[in-house]
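I opened a notebook for this structure and wrote down each thing as I looked it up. The entries follow the order in which I went through the model.

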Amino acid sequence: MCICSLCSASNLNMNLYATKKTAAEGMLDIALFLANITHMKTVIEQGAGYRYYAAVLTLISFSLALQIVAGILIIIIARRDLNDEANQKSLDSLNNTLTIIIFLIFVTDIFISVFGMERTGLFARMHF
């Protein structure tokens with residue numbers, strides 16, 4: 001038998017849980033945003049002579065734009081009351097949209113990492 005308050009459905013405040021989860025997502029989004037800005041600065045400092053300069057700058061810009069949209073959705077989701085049944089359908093849709101956007105950010109950042117390895121990454125000295 002579990003003694004924690006989260007095990008009982010009657011003691012679990014879903015709104016508080018969802019708000020904390022959304023706040024944690026927001027903090028991770030901020031960290032990724034700052035990492036992408038740092039990566040963009042590095043690429044810009046390398047200059048246009050870098051082989052994938054335009055591609056990496058475009059991908060980073062796209063990722064940053066998606067992260068801004070995700071941040072706005074996180075704020076909207078966090079401000080709504082999950083316990084209000086009128087909000088549940090729209091919150092579910094917003095959460096699904098947010099999940100898709102985060103997946104797109106993930107895929108975009110994989111491409112950024114692959115194209116950004118030539119000079120800045122682990123394989124800076126290797127030639128492909």
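**Entry 1: a pair in helix H1**

I began with Glu45 and Lys41, which both lie in helix H1, 4 residues apart, about one turn of the helix. The model I am reading is predicted, and I keep that in mind for every entry here. The side chains of Glu45 and Lys41 meet in a salt bridge, with 3.8 Å from N to O. I noted that side chains of opposite charge can pair when their charged atoms come close. When I looked up the accessibility of the two partners, I found that Glu45 is exposed and that Lys41 is exposed as well. A count of salt bridges by this rule comes to 1.

**Entry 2: the overall layout**

I then stepped back to the whole chain, where I found 4 helices and 0 strands. Read from the N terminus, the elements run α-α-α-α. Of the 128 residues in the protein, 26% are buried. I also looked up how the contacts are spread along the sequence: among those with a separation of 6 or more, 69% are between residues 24 or more positions apart. The protein exposes about 8900 Å², and carbon and sulfur atoms supply 67% of that area.

**Entry 3: the nonpolar cores**

Which residues make up the largest nonpolar core? I listed 10 residues in all: Leu66, Ala70, Leu73, Ile74, Ile77, Leu91, Leu94, Leu98, Ile101 and Ile105. Helix H2, which spans 53-79, and helix H3 each supply at least two residues of this core. Another core, of 9 residues, lies apart from it, and Val56, Leu57, Leu59 and Ile112 are among its members. Going back to Ile105, I set aside residues up to four places away in sequence and found that Ile105 touches Leu32, Ser63, Leu66, Gln67 and Ala70.

**Entry 4: a nonpolar patch on the surface**

I next looked for nonpolar side chains on the outside, and I found a surface patch of about 590 Å² made by Ile100, Phe103, Leu104, Phe106, Ile110 and Val114. I picked Leu104 from this patch and placed it in helix H3, residues 85-115. Is Leu104 buried or partly exposed? Leu104 has a relative accessible area of 36%, so I wrote it down as partly exposed, given that the partly exposed range runs between 20% and 50%.

**Entry 5: the aromatic pair**

How many aromatic pairs does a search of the whole structure find? I noted 1. The ring centres of Tyr52 and Phe115 are 4.9 Å apart and the planes stand at 50°, so I recorded the pair as tilted. Tyr52 lies in the loop between helix H1 (14-46) and H2, while Phe115 lies in helix H3, so the pair ties together parts that are 63 residues apart in sequence. Tyr52 counts as partly exposed at 27% relative accessibility, and Phe115 counts as partly exposed at 26%.

**Entry 6: around Phe115**

I stayed with Phe115 and looked up what surrounds this residue of helix H3. Not counting residues up to four places away in sequence, Phe115 touches Tyr50, Tyr52, Val56 and Leu59. I also checked a distance between backbone positions: Phe115 and Tyr53 are 62 residues apart in sequence, and their C-alpha atoms are 9.0 Å apart in space.

Tyr50, one of the residues that Phe115 touches, is found in the loop between H1 and H2. Is Tyr50 buried or exposed? Its relative accessibility is 2%, so I noted Tyr50 as buried. From C-alpha to C-alpha, Tyr50 and Gly116 are 9.6 Å apart, although 66 residues separate them in sequence.

**Entry 7: Val56**

My last look was at Val56, which lies in helix H2. Val56 has a relative accessible area of 0% and is therefore buried. Leaving out residues up to four places away in sequence, I found that Val56 touches His39, Val43, Tyr50, Phe115 and Gly116. The C-alpha atoms of Val56 and Ile44, which are 12 residues apart along the chain, are separated by 9.8 Å. I closed the entry by noting once more that Val56 belongs to the core of 9 residues and that Phe115 touches Val56.

Notes. Residues numbered from 1 in each chain as written. Predicted model: local features only at pLDDT ≥ 70, side-chain atom pairs only at ≥ 80, totals over all residues. Heavy atoms only, no water. Buried < 20%, exposed > 50% of the residue type's maximum accessible area, 1.4 Å probe, protein only. Contact = heavy atoms within 4.5 Å. Areas by Shrake-Rupley, 256 points an atom, 1.4 Å probe, with all protein chains shown as cover. Patch = residues over 30% accessible without salt bridge, like charges linked within 9 Å, V, L, I, M, F, W, Y side chains within 5 Å. Salt bridge = Lys/Arg side-chain N within 4 Å of Asp/Glu carboxyl O. Core = buried A, V, L, I, M, F, W, Y, C linked by side-chain atoms within 4.5 Å. Phe/Tyr/Trp six-rings, centres within 6.5 Å; stacked < 30°, edge-to-face > 60°.
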